[in-house]
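Subject: Handing over a structure, with notes

Dear colleague,

I am passing this structure on to you, together with some notes on what turned up when I went through it. Please have the model open as you read.

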Amino acid sequence: IDLARVITATDHRIEIEAKTRKTARAVVLLFAVEPTPPHAVADVGVRPLRPAGAGGPREGEGGAPPAPRPVETVLAEAPAIVDRAIAAGFSGTVLLARDGKVVLERASGLANRSFAVKNRMDTRFNLGSINKTFTKLAVAQLMEAGKLSLDDRLGKILPDFPNTEAAEKVTVAHLIEMKSGLGDFFGPEFNAVSKARIRTLADYLPFFAKKPLAFEPGAGEAYSNGGYVPLGLIIEKVTGQSYHDYVRDHIFRPAGMTDTDYYEIDAATPNLAVGYVRS
């Protein structure tokens, strides 16, 4: 890619416009770090740049959002887009559906390179932070049942939470909206521990919970994986179930998500893909 211009820049966040050399496609790249040392990465993103012209101003220059493209156009272009991605080395599965009917499905690449196992449409993949969606849904279910409120303080539900300032000031809403000031469990200490030793949500607490808040709860916003750990603990406390059991019983099974679950890292799970990164 080639740098075109800087769209916005602050001490801790920058958005730049760049163009891909092969296709001259314009994209916006976002990088953000936490405002307090050691300035861990808070957000990284990439999105298409909206072209100037009939559609209005470009990204970062205000204006109304672009008009939606016709569905038929998107559906017609989708196969070629997927084919280009596969030719460029995409490994995974793609499923496009409209009105509950599958329009396009494609599997490419290897689920396990050591044994040359190919990806299939029913291959199970690590969802990563998509799991946060299930956590929010679980919180919403408990709110609907009158067992939880967005204004509930962390310490009200988890009186033994190891950070007294967080227990007194952080609410359920702060945790959901990434406004708690709690940090991340990723870091040197986490990297040095065998993941096979992390069996429960409470096992994550030593990596972040006692550290000072990065900002006053509600006064800032920073992406925090750590903040969703106490949300899971809250779900456990309110329901009397483990987080994984609650989500399995109240979200996955009712939705017919028979291939979605929380698989232990050292268990032999059929049809589970190995996660690979380019580096």
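Phenylalanine 31, a good place to begin, is found in strand E3. Please keep in mind throughout that what you are looking at is a predicted model.

Phenylalanine 31 is partly exposed, because its relative accessible area of 41% falls between the 20% below which a residue counts as buried and the 50% above which it counts as exposed. Together with Val33, Val41 and Val44, Phe31 makes a nonpolar surface patch of about 340 Å². Two strands each supply at least two residues of this patch, namely E3, which covers residues 26–33, and E4, which covers residues 41–48.

The loop between E3 and E4 deserves a look of its own. Proline 38 is found in this loop, and the peptide bond that joins proline 37 and proline 38 is cis, with an omega of about 5°. Histidine 39 lies in the loop between E3 and E4 as well, and although histidine 39 is not a glycine, its phi is positive, at about 55°. With a relative accessible area of 36%, histidine 39 is partly exposed. As background to both details, most residues other than glycine have a negative phi, and most peptide bonds are trans.

A positive phi also turns up at aspartate 99, which is not a glycine either and has a value near 55°. Aspartate 99 sits in the loop between strand E5 (92–98) and strand E6 (101–108), and its relative accessibility is 73%, so aspartate 99 counts as exposed.

Glutamate 15, by contrast in setting, belongs to strand E2, which runs over residues 13–19. Is glutamate 15 buried or exposed? Its relative accessible area is 11%, under the 20% cut-off, and therefore glutamate 15 counts as buried. The residues that glutamate 15 touches, leaving aside those up to four places away in sequence, are Val6, Ile7, Thr8, Val28, Leu29, Leu30 and Arg47. With arginine 47 there is a polar contact, made between the two side chains at 3.1 Å.

Further along the chain, you may want to look at helix H7, which has twelve residues, 228–239. At 1.5 Å a residue, H7 should span 16 Å, and the C-alpha atoms at its ends are 17 Å apart, which agrees. Which residues of H7 are buried? They are Tyr228, Val229, Pro230, Leu231, Gly232, Leu233, Ile234 and Ile235. What covers these buried residues includes four other helices, H2 (131–144), H3 (154–157), H5 (172–176) and H8 (243–252). Just after H7 comes glycine 240, which takes a positive phi of about 80°.

Finally, some figures for the protein chain as a whole. Its secondary structure comes to eight helices and eight strands, and its C-alpha trace spans about 55 × 45 × 40 Å along the principal axes. Of the 279 residues in the chain, 32% are buried. The chain exposes about 17200 Å², of which carbon and sulfur atoms supply 55%. Among contacts between residues at least 6 apart in sequence, 47% join residues that are at least 24 apart.

With best wishes

How values were computed. Residues numbered from 1 in each chain as written. Predicted model: local features only at pLDDT ≥ 70, side-chain atom pairs only at ≥ 80, totals over all residues. Heavy atoms only, no water. Patch = residues over 30% accessible without salt bridge, like charges linked within 9 Å, V, L, I, M, F, W, Y side chains within 5 Å. Areas by Shrake-Rupley, 256 points an atom, 1.4 Å probe, with all protein chains shown as cover. Salt bridge = Lys/Arg side-chain N within 4 Å of Asp/Glu carboxyl O. Buried < 20%, exposed > 50% of the residue type's maximum accessible area, 1.4 Å probe, protein only. Polar contact = N/O pair within 3.5 Å; in protein donor to acceptor, adjacent residues only side chain to side chain. Contact = heavy atoms within 4.5 Å. Expected span 1.5 Å × (residues − 1).
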